[in-house]
Amino acid sequence: MKIVLLGAPGAGKGTYASRLKKTYNIPHISTGDLLREAVKNNTEQGIEAKKYMDKGQFVPDEIIVDILKERLKQDDTQKGMLLDGFPRTIKQAELLDEITDINKVLKFNLEEDTILRRLGGRIICKGCGEIFHKQNLKPKEEGICDHCKNELYQRDDDKDETILERLKIYNEQTSPLVKYYSDKNLLHNIDANTDISHPDCNVIEECEKILNLIGINNNETN
Ligand code: AP5
C-alpha cells in the first residue's frame, strides 16, 4: 500500500497521515520531517538543506532523493507507506516511478485563506512530532504535547513571508502533479476545508473510503 499525500503547505498532509498510519499500520514518511531531522543532527545534507528550507524553497533533488532512498531501505516500509512531501515536481514523480509503484494519490484541497490560518497557528511536538494548532487543534495543556508531554514549537518556515513563498512555489512546481497523476488514474480529490474539530469534518473517513475501495483495508495490512 503505497500512498502519496498531495496538497499545498498546510493542507493537513501530516495531520491526516498521523491518523491513517495507525489505521493501516504503515509508516508516515515526510520528506520535510526527514530534512528537519538532518538539520537537527547537523549533517552535511542538513546544513545544505537548511539554506533552502529557511527561504521556503525546494532543496536540490540530489539531497532529497538520497535521504528518501536511505529511509526506504528500512524494514517498516515493506507493507507500504504514506509519502508526504514527495514528489513535489514532475521530475521527482518520474524519479519515484523508477524507485517504486504508487497505488493511490490523495489530494487535499482547501482555500488559501484557510491555509494561511492553519500554518500561522501550527505548533509541533519536539519529541514525537505530533501536530497541533493554537486555535483549532489545541493541546490539552498549553505548549505541551498530549502524547509524550514534550514541549511544542513553531517551525522556522511558518513565518508569513516564507509561507507565501512556499505557496507560490507549490502553485508553480507541485500543482502540475495533479494532471500527472490524473492521467495515470491514481488521483483522488478530497475537500479538506472543514476544521477537524467540526462534527462535519469527514476527511479521514473519505481517505479510508478510497483506500478500502481499492482493496486496501486494515486486515490486509496487519
Ligand atoms: P514540509 O514539511 O513537507 O512542508 P509543507 O509541504 O510545506 O507541508 P506542511 O508540513 O507545512 O503542511 P501539512 O500539509 O503537513 O499540514 P499540517 O498537517 O502540518 O516541507 C518543508 C520544507 O522542506 C519545504 O519547504 C522544502 O524546503 C523542503 N522539502 C520537503 N520535501 C521536499 C522535496 N520533495 N523536494 C524539495 N524540497 C523538499 O497542518 C497544518 C496546520 O493545520 C496544523 O497546525 C494542523 O493542526 C492544522 N490542521 C490541519 N488539518 C486541519 C483541519 N482539518 N482542521 C483544523 N486544523 C487543521
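**Exercises on the ligand and helix α1**

An oxygen atom of the ligand is found 2.5 Å from an N or O atom in the side chain of R122, a polar contact (a pair of N or O atoms within 3.5 Å). The model is predicted, so that local features need pLDDT of at least 70 and side-chain atom pairs pLDDT 80 or more, while totals for chains, interfaces and linings use all residues. Residues are numbered from 1 along each chain as its sequence is written, and side-chain values use heavy atoms, without hydrogens and water.

**Exercise 1.** Find how much of the ligand's accessible area the protein covers.

*Solution.* Begin with the contacts: a backbone N or O atom of Q57 lies 2.5 Å from an oxygen atom of the ligand, and the side chain of Y16 has an N or O atom 2.6 Å from a nitrogen atom of the ligand. Then take the area (Shrake-Rupley method, 1.4 Å probe): of the 1,000 Å² that the ligand has on its own, the protein covers 98%.

**Exercise 2.** Sort the residues of the shell around the ligand into nonpolar, polar and charged.

*Solution.* The shell divides into 15 nonpolar, 12 polar and 9 charged residues, where Asp, Glu, Lys and Arg count as charged and Gly is among the polar ones.

**Exercise 3.** Compare the expected span of α1 with the distance between its end C-alpha atoms.

*Solution.* The expected span is 1.5 Å times one less than the number of residues. For the 12 residues of α1 this should give 16 Å, and the end C-alpha atoms are 16 Å apart, which agrees. Just after α1, N25 takes a positive phi of about 55 degrees.

Technical notes:
Polar contact = N/O pair within 3.5 Å; in protein donor to acceptor, adjacent residues only side chain to side chain. Helix = DSSP H or I, 4+ residues; strand = E, 2+ residues; numbered from the N terminus.
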